[in-house]
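I opened this notebook to keep track of what I looked up, one entry at a time.

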Amino acid sequence: MANSAKLENDNSLTVIEDLGGGQMRSWSMRADQIAAHRKGAGFEALLTAKAKSDIAAAEAAALDALDEQ
Amino acid sequence: MPLISQSFAAGVPVRFAVPGNIARVKTVSGGVANSITIDLYKNGKKCAVDLSQVDAGDFATVPDGFDELWVTSTILQNVAVQYAVGNVGSNNGTFILSGTAGVAEQGSLYGASFASNAALGTGNEQIFAPGVNVNGVAIWACFISSYPSAAAASTFMGLIAKSGVAPTTAIDGDVLMALQNNTPTLVGAVANTIALPRPIKIAAGKGLWFRNSATVEGGGYRSIQYTVL
């Protein structure tokens, strides 16, 4: 599994970080929880640089879609 | 109130498996009057509540509650629908709270989830920072499973809430869960598991961390469901 970010049908956001060797971390948050999780040193600050780079485009697209609603 | 907000195609019902006893149309984008119909169901049976051909601001209360709702729009548009458990009302967009739903009563409505199977060294794994927690956070469920990287070693896992900087010791903050896993030499590494016994609310301003205060894990599995209030 690779690093990924996906906006689900209910507008929740799922982020999976692949740390290698079968080790992973995942975050999922309902649409109304996303803004809170991005405050200050939010969950994005926890991602490795590679994960952040890998999912940046997907996450940006997901959040843009949310903003448009 | 929890919110469903998304685009709906014309004439296509969309099902949401959410529990509540009030449902309200918050906003519609299309500018067509009475373009929304919400059908409420409980245990597969349609509730005797008519929310057909309604508009923003219209709502219904269902004394016996519902466990799913179907939203249908007559046109392609963005619709926001609120639903909740408890005594919640609204009038022209201003909510009047006549009661407070307890943490346990909202147990199935967790808003966020974090999981990790990364082997944790001596140190922390942040779930959320204090800055995220402005109004309190309800933790619905959490479990920790852990085993050390070597026999005759131990892991000392905790779930710790704390304001300010991350915890630096096993008891630095509010220790909501603790698991000490000592592995006998003859047996080798064995995982132990602990689960949060009941939902709990963390005070505003506190962050939350998993912490291992002993030997690096050989492996671990941690999961938590919570809602930022």
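How do the residues of the lining of the second largest pocket divide into nonpolar, polar and charged? I looked this up first and noted 12 nonpolar, 8 polar and 2 charged residues in that lining. I keep in mind throughout that this is a predicted model.

Entry on the pocket. I read off a space of about 430 Å³ for the second largest pocket. I then went through its lining of 22 residues and found that those closest to the centre are A:D10, A:R30, B:V18, B:Y83 and B:Y110. I also asked which strands supply at least two residues of the lining, and found β3 (23–29) of chain A together with β1 (3–8) and β12 (112–116) of chain B. With 4 residues, β1(B) gives the most to the lining of this second largest pocket.

Entry on backbone angles. I noted as background that most residues other than glycine have a negative phi. I looked up B:N34, which is not a glycine, and found a positive phi of about 55°. I placed B:N34 in the loop of chain B that runs between β3 (20–28) and β4 (36–42). B:N34 has a relative accessibility of 40%, so I entered this residue as partly exposed, the range for that term lying between 20% and 50%.

I turned next to B:N43, where phi is again positive, near 55°, in a residue other than glycine. I found B:N43 in the loop between β4 and β5 (45–46) of chain B. Because its relative accessible area is 68%, I entered B:N43 as exposed, a term that applies over 50%.

Technical notes. Residues are numbered from 1 along each chain as its sequence is written. Chains are lettered from A and ligands numbered from 1 in the order in which they are written. This is a predicted model: local features need pLDDT of at least 70, side-chain atom pairs count only at pLDDT 80 or more; totals for chains, interfaces and linings use all residues. Side-chain values use heavy atoms; hydrogens and water are left out. Buried means under 20% relative accessible area, exposed over 50%, partly exposed in between (1.4 Å probe, protein chains only). On a 1 Å grid over the protein atoms alone, a cavity is a set of points where a 1.4 Å probe fits but cannot get out, and a pocket is an open set with protein on both sides within 12 Å along at least five of seven lines; lining residues have an atom within 4 Å of a point. Grid points are joined across faces, edges and corners, and a volume is the space filled by probe spheres set on the points. Ala, Val, Leu, Ile, Met, Phe, Trp, Tyr, Cys and Pro count as nonpolar, Asp, Glu, Lys and Arg as charged, and the others, Gly among them, as polar.
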